[in-house]
Amino acid sequence: MDFDVNAWRSFITLLSLVMFCALMVWTLNRRRKSAFDEDAFVFVGPGPLSGTMAVSHRTCFVNISPLTGRLNHAECGAHLASEIKFAGWDGIYIKGKAKKPVWLAIVNDKVEFKDASKMWGKTTDEAHEMM
């Protein structure tokens, strides 16, 4: 079995990003930060095989839990991880608090927060169609 250096570098990069987020959460917890503070954050990271021909693509979300105030980690499947990688990103770090509902639009290197006020209260399908 050959050792793929590029695959290993991708794994290390993802691991570094996840460790960075864990360190941020730990640091913020020491300062008694809340998920609702102005400098709260969410990290969205695709798995190391995302954007490849592998059949398993996972997206990781890391933040401070509004319920416990501790490190929160969630995952989802589907196309999000591959789309993040196809756009040229290894992860997305969002810091701050919006004054109104917004949604995040990423098209290659263009990143925008768009108004989601009209989507508020809609079903997932309705909101998806509105995007």
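**Figure 1. E38 and K97 form a salt bridge in this predicted model.** The closest N and O atoms of the pair are 4.0 Å apart. E38 lies in the loop between α1 (5-30) and β1, and K97 lies in the loop between β4 and β5, so the contact ties together parts 59 residues apart in sequence. The two partners differ in accessibility class: E38 is exposed at 57% relative accessible area, while K97 is partly exposed at 47%. The model has five salt bridges by the rule applied here.

**Figure 2. R58 reaches E75 in a second salt bridge.** Here the closest N and O atoms are 3.2 Å apart. The pair links distant parts of the chain, 17 residues apart. R58 sits in the loop between β1 and β2, and E75 belongs to strand β3. R58 is partly exposed, with 37% relative accessibility. E75 is also partly exposed, with a relative accessible area of 44%.

**Figure 3. Four strands make an open antiparallel sheet.** The strand order is β3-β2-β1-β4. β3 (71-76) and β4 (92-95) stand at the edges. Each has a single partner strand, so one side of each is left without a neighbour in the sheet. From one strand to the next, the twist averages 15°.

**Figure 4. Strand β1 pairs with the edge strand β4.** β1 covers residues 41-46. Four bridges join β1 to β4, in the antiparallel sense. Across this pairing, F43 stands opposite Y93 of β4.

**Figure 5. β2 and β3 pair as an antiparallel hairpin.** Six bridges hold the register of this pairing. I64 stands opposite L71 in β3. Six residues separate the two strands of the hairpin. In this hairpin, G69 takes a positive phi near 75°.

**Figure 6. S50 is a buried loop residue.** S50 is found in the loop between β1 and β2 (59-64). Its relative accessible area is 3%, so S50 falls under the 20% cut-off for buried residues. Leaving aside neighbours within four places in sequence, S50 contacts H57, R58, A81, S82 and K85. R58 in this list is also the salt-bridge partner of E75.

**Figure 7. C60 and C76 are not joined by a disulfide.** The structure holds zero disulfides. The cysteine sulfur nearest to that of C76 belongs to C60, 9.6 Å away. A disulfide would need the two sulfur atoms within 2.5 Å. C60 is buried, at 11% relative accessibility. C76 is partly exposed, at 26%.

**Figure 8. β5 and β6 form a hairpin with two residues between the strands.** β5 spans residues 102-107 and β6 spans residues 110-115. The strands run antiparallel and are joined by six bridges. A105 stands opposite E112 in β6. In the turn, N108 has a positive phi of about 55°. N108 is partly exposed, with 46% relative accessibility.

**Figure 9. K110, E112 and K114 belong to one salt-bridge network.** The side chains of E112 and K114 meet at 4.0 Å, N to O. Salt bridges that share partners join K110 to this pair. E112 is partly exposed, with a relative accessible area of 31%. K114 is partly exposed too, with 32%.

**Figure 10. A78 has a positive phi without being a glycine.** Most residues other than glycine have a negative phi. The phi of A78 is near 75°. A78 is placed in the loop between β3 and α2 (80-86). A78 is exposed, with a relative accessible area of 57%. N108, in the loop between β5 and β6, likewise has a positive phi although it is not a glycine.

**Figure 11. Five residues make up the largest nonpolar core.** The members are W103, A105, A116, M119 and A127. In soluble globular proteins, nonpolar side chains tend to be buried together. Not counting residues up to four places away in sequence, M119 touches W103, A127, M130 and M131. Core member A105 is the residue opposite E112 in the β5-β6 pairing.

Terms used
Residues are numbered from 1 along each chain as its sequence is written. This is a predicted model: local features need pLDDT of at least 70, side-chain atom pairs count only at pLDDT 80 or more; totals for chains, interfaces and linings use all residues. Side-chain values use heavy atoms; hydrogens and water are left out. Two strands pair if DSSP finds at least two bridges between them. Axes are lines fitted to C-alpha atoms, for helices over the stretch in contact, and angles run from 0 to 180 degrees between N-to-C directions. Buried means under 20% relative accessible area, exposed over 50%, partly exposed in between (1.4 Å probe, protein chains only). Contact means heavy atoms within 4.5 Å. A nonpolar core is a set of buried Ala, Val, Leu, Ile, Met, Phe, Trp, Tyr and Cys residues joined through side-chain atoms within 4.5 Å.
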